[in-house]
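Thanks, everyone, for making the time this morning. I would like to walk you slowly through a structure that will be new to most of you, so please have a look at it before I go on.

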Amino acid sequence: MNRDPLHALAWMAWLAAILVALTVTRNPLYMGLVLLWIGVVTAAARRHTPPRPDMPSISPLRFGLIVVGLAAVFNALTVHVGETVLFHLPDAIPLFGGPVTLEALVYGALNGAVIAGLFAAFAIINRVVPVRALVRLAPRAYYSLAVVVSIAMTYVPTTLRQLQQIREAQAIRGHRMRGVRSWLPLVIPLLVGGLERALQLAEAMMARGFAGDSEDEADDGSGPRLALIAGLVLFLAGWLLRLVWGQPTLGLAALFLGVAAIGVGFRAAGRRHPHTVYRPAPWT
């Protein structure tokens with residue numbers, strides 16, 4: 001029996017912690033602990049949560065082995081920095097010519113491990129958090145955009161599943177892949193099926209009033225929009241002050257003001273677009 005799922009905000013906080021931990025350091029000890037943490041959560045998620053049929057299953061371990069190897073080799077061949085020289089390529093070779101060092105190889109492997117860890121973390125989120133729970137996290141003023149993004153996220157796996165069904169049906173009829181022309185019996189039914197799904201989805205959304213204009217949209221002022229723009233400008237200014245112009249205190253203050261202004265803008269915009277929730281997701 002499956003346990004009660006965690007709240008989507010809890011998973012988002014976990015994902016934010018993973019993003020921060022993997023992007024701020026390249027220390028092998030810290031990265032190893034974070035990757036171990038991701039592995040434990042992955043094992044627990046596989047134990048208590050069945051796989052979603054609408055998403056293709058890609059092994060994070062296989063993906064990690066490929067990415068770590070490619071990143072290590074590419075960084076070693078393009079970044080000629082380090083003291084431990086493994087071998088030397090001719091300098092006449094563009095981009096790759098020069099010494100290949102152990103330090104560049106290890107640093108590339110660490111970068112690949114970061115990418116693999118991020119992929120595994122997002123794979124966990126995709127497994128345990130339903131799309132509707134992610135849509136609910138969107139600000140109310142941008143709920144329509146969240147619905148469109150969620151539809152786009154589910155379109156690709158649905159198309160891949162339909163392509164597999166078409167290939168099986170054509171194989172039963174004796175179809176064999178022998179060249180470019182052999183794709184025509186697959187592409188045409190796939191295109192027609194995609195158009196049919198799009199029309200059915202549009203009709204269903206229109207029947208539910210998704211495209212209807214609310215009464216509050218006519219008097220929607222520019223206050224929330226200005227707050228969002230000011231928040232983004234302050235956030236960008238604070239980032240530049242800290243990293244480029246060497247003003248950490250002033251930059252941190254601008255960052256906090258920018259985040260506060262963005263929050264105020266989202267809240268003000270959301271209050272103009274009220275909506276109800278059929279089944280709320282309580283904290284447990």
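I will begin with the overall layout, then turn to the helix pairs, the cores and a few single residues.

Please keep in mind throughout that what you see is a predicted model. The protein has nine helices and two strands, and if you follow the chain from the N terminus, the elements come in the order α-α-α-β-β-α-α-α-α-α-α. Of its 284 residues, 27% are buried. If we take the contacts with a separation of 6 or more, 63% of them join residues 24 or more positions apart.

Let me now turn to how the helices pack. Two packed helices are described by the angle between their axes and the distance between the axes, and I will give both for each pair.

The pair I take up to begin with is helix α1, residues 8–23, and helix α2, residues 28–48, which pack at an angle of about 155° with their axes 10 Å apart. That angle makes α1 roughly antiparallel to α2, and α1 passes α2 in a left-handed crossing. On the α1 side the contact involves Trp11, Trp14, Ala17, Ile18, Ala21 and Leu22, and these meet Val34, Trp37, Ile38 and Val41 in α2. Sorted by class, this contact of α1 with α2 has 10 nonpolar residues, with no polar and no charged ones.

Helix α2 also packs against α4, here at an angle of about 25° and with the axes 10 Å apart. That makes α2 roughly parallel to α4, and the crossing of these two helices is left-handed. The residues of α2 in this contact include Met31, Leu35, Ile38 and Val41, while those of α4 include Leu110, Val114, Ile124 and Val128. By class, the residues of the contact of α2 with α4 divide into 13 nonpolar, two polar and two charged.

What about α3, residues 60–78, and at what angle do α3 and α4 pack? The angle is about 150°, and the axes of α3 and α4 are 7 Å apart. Since angles over 145 degrees count as roughly antiparallel, α3 and α4 are therefore roughly antiparallel to each other. The crossing in which α3 passes α4 is right-handed. Among the residues that meet here are Phe63, Gly64, Val67 and Ala71 in α3, and Gly108, Gly112, Ile115 and Phe119 in α4. The contact of α3 with α4 has 17 nonpolar, four polar and no charged residues.

That brings me to the interior. The largest nonpolar core has 21 residues, and the members that touch the most others are Trp11, Trp14, Ile18, Ile38, Ile124 and Val129. The elements giving two or more residues to this core are α1, α2 and α4, the last of these spanning 102–128. It is α4 that gives the most to the core, with eight residues. A second, separate core has six residues, including Val131, Ala138, Ala146 and Val147.

I would like to finish with three single residues, starting in the loop between β1 (85–89) and β2 (98–101), where leucine 95 lies. Most residues other than glycine have a negative phi. Leucine 95, however, has a positive phi of about 70° although it is not a glycine. At 56% relative accessibility, leucine 95 counts as exposed.

Further along the chain, proline 189 lies in helix α7, residues 184–207. Is proline 189 buried, exposed or partly exposed? Its relative accessibility is 31%, so proline 189 counts as partly exposed. Leaving out residues up to four places away in sequence, proline 189 touches Gln162, Ile166, Gln170 and Leu184. As for isoleucine 166, it is 23 residues from proline 189 along the chain, and the C-alpha atoms of the two are separated by 7.4 Å.

Finally, alanine 254 lies in helix α9, which covers residues 248–271. With 11% relative accessibility, alanine 254 counts as buried, because the cut-off for that is under 20%. Its contacts, once neighbours within four places in sequence are set aside, are Leu234, Phe235 and Gly238. Alanine 254 and leucine 234 are 20 residues apart in sequence, and from C-alpha to C-alpha they are 5.4 Å apart in space.

Methods: Residues are numbered from 1 along each chain as its sequence is written. This is a predicted model: local features need pLDDT of at least 70, side-chain atom pairs count only at pLDDT 80 or more; totals for chains, interfaces and linings use all residues. Side-chain values use heavy atoms; hydrogens and water are left out. Axes are lines fitted to C-alpha atoms, for helices over the stretch in contact, and angles run from 0 to 180 degrees between N-to-C directions. Helices (H or I, at least four residues) and strands (E, at least two) are DSSP runs, numbered from the N terminus. Angles under 35 degrees count as roughly parallel, over 145 as roughly antiparallel, 65 to 115 as roughly perpendicular and the rest as oblique. A crossing is left-handed if the near helix is turned anticlockwise from the far one by less than a right angle, and right-handed if clockwise. Contact means heavy atoms within 4.5 Å. Ala, Val, Leu, Ile, Met, Phe, Trp, Tyr, Cys and Pro count as nonpolar, Asp, Glu, Lys and Arg as charged, and the others, Gly among them, as polar. A nonpolar core is a set of buried Ala, Val, Leu, Ile, Met, Phe, Trp, Tyr and Cys residues joined through side-chain atoms within 4.5 Å. Buried means under 20% relative accessible area, exposed over 50%, partly exposed in between (1.4 Å probe, protein chains only).
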